[in-house]
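Work through these exercises with the sequence and the 3D view side by side. Try each task before reading its solution.

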Amino acid sequence: MTFKQFRKWCNERACDGAWGPYNAVICLSVAKAVRRIPFWRRERFWRKIDEDLQIVETFVEPVNKKIEEDEGK
């Protein structure tokens, strides 16, 4: 997942309310930290943060799985 895709995912979750307050705070804090970096270094910085903190595996994938389960009901 690129940073641009992550930002889009965060915006979608903020609109549909499919994430909890803890996920929202973490994801928005990460996005804010990445946006502080000059745009030509953001993707590399994002990959480093995702590698270290495993944002996609820890937050994005579980929320997406929950959304799929809720849509199936």
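The exercises below go from the whole chain to single residues.

This is a predicted model, in which local features need pLDDT of at least 70, side-chain atom pairs count only at pLDDT 80 or more, and totals for chains, interfaces and linings use all residues. Residues are numbered from 1 along each chain as its sequence is written, and side-chain values use heavy atoms, with hydrogens and water left out.

**Exercise 1. The fold**

Task: Find how many helices and strands the protein chain has, and write down their pattern.

Solution:
- Start with the rule: helices (H or I, at least four residues) and strands (E, at least two) are DSSP runs, numbered from the N terminus.
- Count them. The protein chain has four helices and zero strands.
- Read along the sequence. The pattern is α-α-α-α.

**Exercise 2. Overall dimensions**

Task: Compare the radius of gyration of the protein chain with that of a compact globule.

Solution:
- The radius is taken over C-alpha atoms, and the globule rule is 2.2 Å times the number of residues to the power 0.38.
- Apply the rule. For 73 residues, a compact globule would come out near 11 Å.
- Compare. The protein chain has 13 Å, which agrees.
- Add the extents. Along its principal axes, the C-alpha trace spans about 45 × 20 × 20 Å.

**Exercise 3. Surface, contacts and charge**

Task: Describe the protein chain by its burial, its exposed area, its contacts and its charges.

Solution:
- Burial goes by relative accessible area: buried is under 20%, exposed is over 50%, and partly exposed is in between (1.4 Å probe, protein chains only).
- Of the 73 residues, 30% count as buried.
- Accessible areas come from the Shrake-Rupley method with a 1.4 Å probe; for residues, only the protein chains shown count as cover.
- The protein chain exposes about 5400 Å², and carbon and sulfur atoms supply 53% of this area.
- A contact means heavy atoms within 4.5 Å.
- Take the contacts with a separation of 6 or more. Residues 24 or more positions apart account for 59% of them.
- For charges, Lys and Arg count as positive, Asp and Glu as negative; His and the chain ends are not counted.
- Each charge is placed at NZ of Lys, CZ of Arg, CG of Asp or CD of Glu.
- The mean positions of the 15 positive and 12 negative charges lie 10 Å apart.

**Exercise 4. Two residues of helix α2**

Task: Place Cys 27 in the fold and list what it touches.

Solution:
- Locate the residue. Cys 27 sits in helix α2 (residues 21-35).
- Check burial. Cys 27 has 0% relative accessibility, so this residue counts as buried.
- List contacts, leaving aside neighbours within four places in sequence. Cys 27 is in contact with Phe 6, Trp 9, Cys 10, Trp 19 and Phe 59.
- Look at one partner. Cys 10 is 17 residues from Cys 27 in sequence, and 7.1 Å away in space, C-alpha to C-alpha.
- Repeat for Asn 23, also in helix α2. Asn 23 is buried because its relative accessibility is 17%.
- Asn 23 touches Phe 59 and Val 63, not counting residues up to four places away in sequence.

**Exercise 5. Salt bridges**

Task: Count the salt bridges and examine pairs in helices α1, α3 and α4.

Solution:
- Use the rule: a side-chain nitrogen of Lys or Arg lies within 4 Å of a carboxyl oxygen of Asp or Glu.
- The count comes to four salt bridges.
- Take helix α1 (residues 3-16). Asp 16 and Arg 13 both lie there, three residues apart, about one turn of the helix. Their N to O distance is 2.7 Å.
- Compare burial. Asp 16 is partly exposed at 41%, whereas Arg 13 is buried at 8%.
- Widen the view. Glu 12, Arg 13 and Asp 16 are linked in a network of salt bridges.
- Take helix α3 (residues 42-53). Asp 52 and Lys 48 are four residues apart, so about one helical turn separates them. Their closest N and O atoms are 3.3 Å apart.
- Take helix α4 (residues 55-72). Lys 66 and Asp 70 are four residues apart. Their salt bridge is 3.9 Å, N to O.

**Exercise 6. A loop residue**

Task: Where does Gln 54 lie, and what is its phi?

Solution:
- Gln 54 lies in the loop between α3 and α4.
- Its phi is near 50°, a positive value in a residue other than glycine.
- Gln 54 has 43% relative accessibility, so this residue counts as partly exposed.
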